[in-house]
Amino acid sequence: MYLQKMFSCSQLLSRPNALQTFKRAASKGKMPLARAHGKSFAHRSDLRQAKRIVVKLGSAVVTRGDECGLALGRLASIVEQVAMLQNQGREMMIVTSGAVAFGKQRLRHEILLSQSVRQALHSGQNQLKDMSLPVLEARACAAAGQSGLMALYEAMFTQYSTCTAQILVTNLDFHDDQKRRNLNSTLHELLRMNIVPIINTNDAVVPPPEPNSDLQGVNVISIKDNDSLAARLAVEMRADLLIALSDVEGLYDSPPGSDDAKLLDTFYPGDQHSITYGTKSRVGIGGMEAKVKAALWALQGGTSVVIANGTHPKVTGHVITDIVEGKKVGTFFSEVKPAGPTVEQQTEMARSAGRTLASLEPEQRSDIICALADLLTERKDEILSANKKDMENAVGTGRLSPAMLKRLSLSSSKLNSLSIGLRQIAVSSQDSVGRVLRRTRVANNLELEQITVPIGVLLVIFESRPDCLPQVSALAIASGNALLLKGGKEAANTNRILHELAQEALSIHGVKDAIQLVSTREEVEDLCRLEKMIDLIIPRGSSQLVRDIQRAAKGIPVLGHSEGICHVYVDHEASVDKAIKIIRDSKCDYPAACNAMETLLVHRELLRTPLFDQIIDMLRTEHVKIHAGPKFASYLTFSPSEVKSLRTEYGDLECCIEVVDSMQEAVDHIHKYGSSHTDVIVTENEDTAEQFLQQLDSACVFWNASSRFADGYRFGLGAEVGISTARIHARGPVGLEGLLTTKWVLRGEGHTAADFSEHGSMTYLHENLPVAQVLPGRRTTS
């Protein structure tokens, strides 16, 4: 084993050094080149550029819950992440605890073994249960555990062809200039040879921490625990990033576990006074206060810091890589405080103003929407000027497809149409919030009502569709919901002016903050993790965007559909004219739309008929590329390219044609390969059509009508926030009604459940009462 390890390390040392590896990766666009040290990163997203990284593993991370031995599974996942980052060309260093715990385990085992032998010789086996363990001195435990801890690290890293080296330090090594230079030189040489240094305080000889020793400025830091060691090391080695893993999620504004404790996403040096610290962790000699002081010291020295949880079983396997990828994990320490509020603060502002918005009279909410409609036409020159900048930027970069550019573009006619649509929403909003859906007299003088209320805080994420902003804003206002908007950067200028107009309209009744535009550098995935602050996410964009959001938003409902695989089935009793018109409109009117036809199902009896020939000729005339389904291809001598998958959303002038033997087979095909969005039957047989409409469980099912009718505006909803294929809540085109939920209101006169018990004096009536639209004088809030 010893020779094997030596051979493994010799192979690693013969490799190109880490700097060369890093430069090659950077030249291929995979990794950034080293940056000039001296200033920490301002934003989380910049952490992707970190080259030299120190990972500090706290005692609670490395040790088991009983403090006797190491958490091997947790440690293995951390080693895997460090090795992966090292093999990417980054320079990784580990500051680790665990020697005392590992040594304690070994010494207890030895003591128990020796005691059991002595007692077996002198007292007999029956007294083994009375053995007691002496209190073990920490330095002795560290001396016994240090070699075993290092051997474990070496064995784990060898699995990833990564070599390690052990360095033990004390406070004196940093205060003695010559020793500090030697340490610095050793670490740089190890990094040059692509070796991961594993550093720990030499707990076998180090004196106990002095209670009053503390941070003493930028140039000096007392090494009294691994937090201060990691901070000192990171600054000495000019590290880009220090990741401090502990047993808490990050830094809270008050002790974790208290009712009002909030996890701080970002911490700024000037915010220390607003923090209340709790007790230290179950093991180790530091605490959160020590971590914060060490982090601020490192930050002042030019190293970015993140404090995160390294013990949570659901995130330990990717916590380090997530931090390096810039994801919102733990608490990020930054010297650059943003000018505006954080997204968490924006959400709280929106929720507070949204509750006021929901309590307004319907006429007041309608006034706000009409004011926004007026502003769209009155200030159209400002809007179009901002949109022109976005269009010029988009064309200049060349990153947007023609279809995306078309969505990005605004015009006077588009703004006029938007204004008209908003006025329709204003009219429909009159009886939305507070509408009584059901009234029941439970008993005498005890009435129950089910009424409509807003959902709460909506997060709408949209791509290249600035016209989406006023539409969704109007629907949110009409339904009394608070709204968070996250638009694509390609429409930043247009979105900004449209949001300003929305807030100007909201100001009429003092609810300006009910709609917030997220303009910070927040990743969509990070927004999807705000499950305690956001009630519903509505993605508006590509199917890939929707899928990504559905995957990321594990704790928040997502309203939408990831695919729009819409079918048109042409029955053998179909009208020629209707079939041609419907197929042309469904596929060619707007091929990129989610309600465009992607698969054409044709009854087998229509093959080699004039109707089928006319369908093919029309599609060719419209320049639609045809892919043959397996069954259709079997009928042809020379067929078009066979489809790769029958579950494909082309989003362009392409479609699949497949043959079915009956209406029932068409239904079965759609159930198997469709996305439950919109499906159409073209037939003159009413019985066949009714069976199709009843059996198919898609959100929209049409008879002799284009799939393009699956649209909120065409349904008369005024506007839509999207189309949902979900089975619960809203389904199909979602307008104002889909942004409402309900609550139950019970009005009594001192009634109790005991009144209706066996010995009570009251009986249930459960009489249904007439439903009023809005009960006068009984306004409701969410």
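Which element gives the largest share of the lining of the second largest pocket? The views below return to this point after an overview of the chain.

**Overview. The protein chain in a predicted model.** Residues are numbered from 1 along each chain as its sequence is written, and side-chain values use heavy atoms, with hydrogens and water left out. Because this is a predicted model, local features need pLDDT of at least 70 and side-chain atom pairs count only at pLDDT 80 or more, whereas totals for chains, interfaces and linings use all residues. The secondary structure comes to 25 helices and 24 strands, where helices (H or I, at least four residues) and strands (E, at least two) are DSSP runs numbered from the N terminus. Of the 782 residues in the chain, 51% are buried; buried means under 20% relative accessible area, exposed means over 50%, and partly exposed lies in between, with a 1.4 Å probe and protein chains only. Among the contacts with a separation of 6 or more, 75% are accounted for by residues 24 or more positions apart, a contact being heavy atoms within 4.5 Å.

**View 1. The second largest pocket and its lining.** The space in the second largest pocket is about 1600 Å³. On a 1 Å grid over the protein atoms alone, a pocket is an open set of points with protein on both sides within 12 Å along at least five of seven lines, a cavity is a set of points where a 1.4 Å probe fits but cannot get out, and lining residues have an atom within 4 Å of a point. Grid points are joined across faces, edges and corners, and a volume is the space filled by probe spheres set on the points. The pocket is lined by 50 residues, of which Arg407, Arg465, Arg540, Tyr590 and Ala593 are the closest to its centre. Two or more lining residues come from each of α15 (402-408), α16 (412-428), β14 (536-540), α20 (543-552) and β21, and the largest share, 8 residues, is that of α16. The lining divides into 20 nonpolar, 16 polar and 14 charged residues, with Ala, Val, Leu, Ile, Met, Phe, Trp, Tyr, Cys and Pro counted as nonpolar, Asp, Glu, Lys and Arg as charged, and the others, Gly among them, as polar.

**View 2. The largest cavity, with α10 as the main contributor to its lining.** The count of cavities of 30 Å³ or more comes to 4, and the largest of them holds about 50 Å³ of space. Its lining consists of Lys56, Asp227, Ala230, Leu242, Ala244, Lys291, Ala294, Ala295 and Val305. The elements α9 (226-236), β5 (241-246) and α10 (288-300) each give two or more residues to this lining, and α10 gives the largest share, 3 residues. By class, the lining residues of the largest cavity are 6 nonpolar, no polar and 3 charged.

**View 3. Helix α9 and the surroundings of Leu233.** Helix α9 is largely enclosed by the rest of the structure, because 10 of its 11 residues are buried. Among these buried residues are Asp227 and Ala230, which also line the largest cavity. Leu233, placed in α9, is buried with a relative accessible area of 1%. Not counting residues up to four places away in sequence, Leu233 touches Val95, Leu187 and Ile199; the C-alpha atoms of Leu233 and Val95 are separated by 8.8 Å, although the two residues are 138 residues apart along the chain. Just after α9, Arg238 takes a positive phi of about 55°.

**View 4. An aromatic pair formed by Phe612 and Phe632.** The structure holds 5 aromatic pairs, in which rings of Phe, Tyr and Trp (its six-membered ring) have centres within 6.5 Å, planes under 30 degrees apart counting as stacked, over 60 as edge-to-face and the rest as tilted. Phe612 and Phe632 form an edge-to-face pair, 5.8 Å centre to centre with 75° between the planes. Phe612 lies in helix α22 (residues 610-621) and Phe632 in helix α23 (residues 630-634), so the pair ties together parts that are 20 residues apart in sequence. Phe612 is buried at 9% relative accessibility, and Phe632 is buried at 3%.

**View 5. The buried side of helix α24.** In α24 (residues 663-673), the buried residues are Met663, Ala666, Val667, His669, Ile670 and Tyr673. They lie on the same side of α24 because they cover an arc of only 160° around the axis, the arc being that of the directions from the helix axis to the C-beta atoms. These buried residues pack against β15 (566-570), β16 (597-603), β18 (654-660), β19 (678-682) and α25 (686-695).
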